[in-house]
Amino acid sequence: MKNNIFKFVFFLLISSTMMANVTLPNIFGDNMVLQRNSEVKIWGWANPKEEIKLVSSWNNQEYKVVANNQAQWELHIKTPEAGGPFTISIKGYNEVILKNILIGEVWVCAGQSNMEMSASWGIDNGEEETKNATNSNIRFFTVPKLTATTPQNNLSGNWVESTPETMKYFSAIGYFFAKRLREDLKNVPIGLISSNWGGTPAEIWMPEEVVQNDTVLLENAKKLNEQEYGPRQPGRAYNAMIYPIVGFKIAGTLWYQGESNVGSLVYDKTLSALITSWRKVWNDEFPFYFVQIAPYKTGSNNFSNVTVRNSQRKILKEVPKTGMVLTSDISDTIDIHPKNKKSVGIRLANLALTETYRVNSNLVNGPLFKEIKIDKNKVLVSFDYAEGLYFKNKISNQFEVAGADAIFYPAEASIKNNEVILVSKKVSNPVKVRFAWGNTIQSDLFNKANLPASCFITE
């Protein structure tokens, strides 16, 4: 009898491997959003040589492919203008039907705790926002925290509609970004993939070899100490939390990270390498918009936080299709998790609406340092996005100048023709300027959009 049971189980095992079910990574599922007006890749597994037929309900077109000898298949299908809900049928020996699919705009929300932070953590007006979060045109996919030493081909998780229950535990910045986007993109559905881990440095979010093959990045990564919140080894979160979704067509990435790299003198090189590596594996120059970390008291080094913020500013010139929003005016220098997440999401959305979607012509950037001109003992500082430049308190004490000795002294600042003019009695031949140069200094220079200027130091 035992022998017969063994044979039967063995037969079941053999027959199930002979007729392997068509399966998909979890990023493809009911309730998902696919990027509109594009060619999207859908992939999965099946028996080698098994023919796969896919039919999309928006045009009833049939796509065919044969699984390769690695039991993998992929198809590229065309998506229409925004709409839905639709279904997709995928048939091999079995049939998988994906339901309630929307076609719209898909964004990845990634980084550390400020991007992860949800209404459940306690954000401004959180209860009210949560109550009103029912919106079937906003969809969420949360990537679980996982590490791996090699790139993985799947991750757990599923797409859900925005409801008070799901929104409460999803990235608040992501949710407010989607909500604002929908105001100007009219009724385009928004899909958000949240892949975050509080307390993590940027190095864990990019391929390990990118760090290993760059002496500057490698030296810097060696300074990362082990800590209890999460991994510090390069590539570990990338392998398990980013790589499995690489190829899923996205409109762009939102990034809020940097607090765990405070103290780094090369953060601009680190984040630039991350952006470049993601675009390379996706084979897509998608926009990458990030949040400048907030002024915050960090240890005993008065410049460890401001140095990272300045590095973030420099990335804008170094890497194309990037954008940065500032938070110094809506942050709290004693709380590393500022509670005003709505304004951050809205600022990111305004950036995307202007730069990516071209439906918004408003001023969406704070003043960004452009150049200095020296006229005897005076320095003229010019900015991009400088329309309507003003000091919050009529005068500013946040500018400093230095001579050839590189010792900085406070400067008197005035504004004329949207430029800042600096003089200091202690520096008769100025050569360098810095602004808001301190860990906890919240910028006092704004433009007509009431957006703050970034800190900076001239090279």
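What follows is a short conversation about helix packing, cores and a few single residues in this predicted model.

Reader: Let's start with helix 5 and helix 11. What makes helix 5 oblique to helix 11?

Author: The angle does. Helix 5 (residues 172–184) packs on helix 11 (residues 341–355) at about 45 degrees, and their axes are 7 Å apart. Angles under 35 degrees would count as roughly parallel, and 65 to 115 as roughly perpendicular. An angle of about 45 degrees fits neither range, so helix 5 is called oblique to helix 11. The crossing of helix 5 past helix 11 is right-handed.

Reader: Which residues of helix 5 meet helix 11?

Author: On the helix 5 side they are Ala172, Ile173, Phe176, Phe177, Arg180, Leu181 and Asp184. Their partners in helix 11 include Val344, Gly345, Leu348 and Leu353. Sorted by class, this contact has eleven nonpolar, two polar and four charged residues.

Reader: And helix 9 with helix 10: what makes helix 9 oblique to helix 10?

Author: Here too, look at the angle. Helix 9 (residues 267–282) and helix 10 (residues 304–318) cross at roughly 45 degrees, and their axes come within 8 Å. Roughly parallel would need an angle under 35 degrees, and roughly perpendicular one of 65 to 115, so helix 9 counts as oblique to helix 10. Helix 9 passes helix 10 in a right-handed crossing. From helix 9, Tyr267, Asp268, Leu271, Ser272 and Ile275 take part, and they meet helix 10 residues including Val308, Ser311 and Ile315. The class count is five nonpolar, three polar and three charged residues.

Reader: You just named Ser311. Is Ser311 buried or exposed, and how do you know?

Author: Check its relative accessibility, which is 3%. Buried means under 20%, so Ser311 counts as buried. Ser311 sits in helix 10, and if you leave aside neighbours within four places in sequence, Ser311 is in contact with Tyr267 and Asp268.

Reader: Now a lysine. Why is Lys425 called exposed?

Author: Its relative accessible area is 81%. The cut-off for exposed is over 50%, so Lys425 is exposed. You'll find Lys425 in the loop between strand 20 (419–423) and strand 21 (432–435). The C-alpha atoms of Lys425 and Glu387 are separated by 29 Å, with the two residues 38 apart along the chain.

Reader: What about Lys186: what makes Lys186 count as exposed?

Author: Lys186 has 59% relative accessibility. Exposed begins over 50%, so Lys186 qualifies. Lys186 belongs to the loop between helix 5 and strand 10 (190–196). Its backbone deserves a look too: phi is near 55 degrees, a positive value in a residue other than glycine. Lys321, in the loop between helix 10 and strand 13 (322–325), also isn't a glycine but has a positive phi of about 55 degrees.

Reader: While we're on the backbone, which residues does a cis peptide bond join?

Author: Gly84 and Pro85, with omega at about 5 degrees. Pro85 lies in strand 6 (residues 83–91).

Reader: Last one: which residues touch the most other members of the largest nonpolar core?

Author: Ile88, Trp255 and Trp278, out of 108 residues in that core. Strand 7 (residues 95–111) supplies the largest share, nine residues. Another core lies apart from this one; it has 26 residues, among them Ala386, Ala411, Phe435 and Ala453.

Terms used: Residues are numbered from 1 along each chain as its sequence is written. This is a predicted model: local features need pLDDT of at least 70, side-chain atom pairs count only at pLDDT 80 or more; totals for chains, interfaces and linings use all residues. Side-chain values use heavy atoms; hydrogens and water are left out. Axes are lines fitted to C-alpha atoms, for helices over the stretch in contact, and angles run from 0 to 180 degrees between N-to-C directions. Helices (H or I, at least four residues) and strands (E, at least two) are DSSP runs, numbered from the N terminus. Angles under 35 degrees count as roughly parallel, over 145 as roughly antiparallel, 65 to 115 as roughly perpendicular and the rest as oblique. A crossing is left-handed if the near helix is turned anticlockwise from the far one by less than a right angle, and right-handed if clockwise. Contact means heavy atoms within 4.5 Å. Ala, Val, Leu, Ile, Met, Phe, Trp, Tyr, Cys and Pro count as nonpolar, Asp, Glu, Lys and Arg as charged, and the others, Gly among them, as polar. A nonpolar core is a set of buried Ala, Val, Leu, Ile, Met, Phe, Trp, Tyr and Cys residues joined through side-chain atoms within 4.5 Å. Buried means under 20% relative accessible area, exposed over 50%, partly exposed in between (1.4 Å probe, protein chains only).
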